[in-house]
Amino acid sequence: MSDTSENVQIVWFRRDLRLADQPALHAAAAAGPVVPVFVLDDERAGDRKLGGASRWYLHGSLESLGSSLARHRSRLILRKGDVVQELMAIARATGATRIHAIRHYEPWWREAESELGSEIELCLYDGNYLMPPGSVTTGSGDPYKIYTPFAKALAQELPARDVLEEPSLSLPDSWPDSDALDDWDLLPTKPDWAGGMRGFWAPGEAAAHETLAGFKDRVSDYEDDRNLPSIDGSSRLSPHLHLGEISPAQVWDALSRHSGKGADTFRGEVMWRDYTQNVIYQFPKYPESSYRDTFGSGFRWRDPKQTKGAAEDLEAWQKGMTGYPIVDAGMRQLWALGWMHNRVRMIAASFLIKHLLIDWRYGERWFWDTLVDADYANNGVNWQWVSGSGVDSNMFPRIMAPLTQSDKFDAADYIREWVPELKQLPDDEIHDPDDAKRGDYPAKRIGHKEARERALEAYHASKD
Ligand SMILES: Cc1cc2nc3c(=O)[nH]c(=O)nc-3n(C[C@H](O)[C@H](O)[C@H](O)COP(=O)(O)OP(=O)(O)OC[C@H]3O[C@@H](n4cnc5c(N)ncnc54)[C@H](O)[C@@H]3O)c2cc1C
């Protein structure tokens, strides 16, 4: 054990893998020599273990954080196992009596924080949201349930604080043992399905800031461009924000001098991220079941485990073989890049829920496994928003027409990129090709009109 007079401070990193604007690191650095730690705890989250795409992205992000710490002659200590036990073992080995961490709101993290807090002094900080979840309240002091009034109230509070610079770090006399990142097998090997993601994403804090800098030049066009899947109109900051390689306060600050509709709409999206966490704060199990009773076990979902044809429909959706080009383009983009355009996420989610009449939770789980930005709050809240089952949601009977959406949002080039079977078709045919022109591309699994009627019938039957 090292000399306790050294006053070693442990920083417990989770989804906050950055050095700048990291309040836990900042406070620890001011108090003594810092031991930065990341623990991979695959049991703690139960069946919410990180999905395949998230694991791939995490590898790059940890590698990058390790390199950034090495610039300070510091290290990132990696441990695998029960997070409380591992952190306590590191505390014993280093003589640290205090652990610093940014607060996280997923139920398994709240539980771990409470366990750890009973063993050692745990200093928790806010820093991954514009405002601490639950802190923006109505006149009667309750957290908001609906986005629009929430965002209005949140905007009044911003910016909530100044962003923090990267601190200088003092080093402990000795280092605890660390795993080697490569031994964690976060990267797929047999088969290696990450080829598309490697060329598309650059994980890490520096890359997050480069992405933001590139987007700043385009933010004035965001209002029009963000809905067009064929162009690069959104920021693509989502995995960077999800893993905390950049903080929302930094994003807000960088855009503080940008006015106009584009910047305002973008700020509204970043506030959606705060909103979804605000929902999880109030309803920790929200992504696990429908908030509204109508969509519970009584709803006439087509169950892939029981209903004839439903398992095949689910698989066709997952593989991008539904016969609806915009849906299939999105699902194939998701598989290849671990990311899907927001407008197409809405179309593809709506298609699964309403056209195929499959419980939104099957889709949520697929996204959880395949998105590099898979986020307990953002994913669960958005799925329930699309399905109409959520606390604030679209109405179920508002059924998106995928073919019309595809045409309206000019998705022809997007379809050409992701559904090469249809590459030769002209713009006016590619959204809804004639059967004779589909070639190897599959027929529609169900017609739009028929699907719409089936969905509405199921909905009304459950309401009655
Ligand atoms: C069914 C469905 C599932 C989704 N699952 C996730 C998920 O697991 N993780 C995730 O980060 N986003 C999710 N989203 C929200 C949104 O699609 C992505 O955040 C966005 O497409 C990411 O691309 P971007 O960074 O270019 O977004 P931009 O348009 O540039 O937005 C900037 C940032 O704002 C936040 N944001 C944007 N839209 C939303 C939204 N609707 N809800 C919450 N935050 C938002 C994200 O952090 C995003 O990076 C989901 C949306 C749908 C419809």
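A nitrogen atom of the ligand lies 3.0 Å from an N or O atom in the side chain of E269. That is a handy place to start looking around in this structure, which is a predicted model. The ligand's oxygen atoms have partners too. One oxygen sits 3.3 Å from an N or O atom in the side chain of W339. With L237 it is the backbone that takes part: a polar backbone atom of L237 is 3.0 Å from an oxygen atom of the ligand. As for how covered the ligand ends up, it would expose 820 Å² if taken alone, and the protein buries 97% of that.

So much for single contacts; next comes the setting. The ligand sits in the largest pocket. Four elements each give two or more residues to the shell around it, namely α9 (238-242), α11 (261-282), α14 (342-355) and α16 (376-387). Of these, α11 gives the most, putting in 6 residues. Zooming out to domains, the shell draws at least three residues from domain 2 (129-159 + 206-282), and at least three from domain 3 (288-459) as well.

What kinds of residues make up the shell around the ligand? The split is 14 nonpolar, 8 polar and 6 charged. There are 28 residues around the ligand, and the ones that come nearest are Y222, S234, S235, R236 and N342.

Key: Residues numbered from 1 in each chain as written. Predicted model: local features only at pLDDT ≥ 70, side-chain atom pairs only at ≥ 80, totals over all residues. Heavy atoms only, no water. Near = heavy atom within 4 Å. Polar contact = N/O pair within 3.5 Å; in protein donor to acceptor, adjacent residues only side chain to side chain. Areas by Shrake-Rupley, 256 points an atom, 1.4 Å probe, with all protein chains shown as cover. 1 Å grid on protein atoms, 1.4 Å probe; cavity = no way out; pocket = protein on both sides within 12 Å on 5 of 7 lines; lining within 4 Å. Sits in = over half its atoms within 2 Å of the grid points. Nonpolar A, V, L, I, M, F, W, Y, C, P; charged D, E, K, R; others polar. Domains from an automatic or database assignment.
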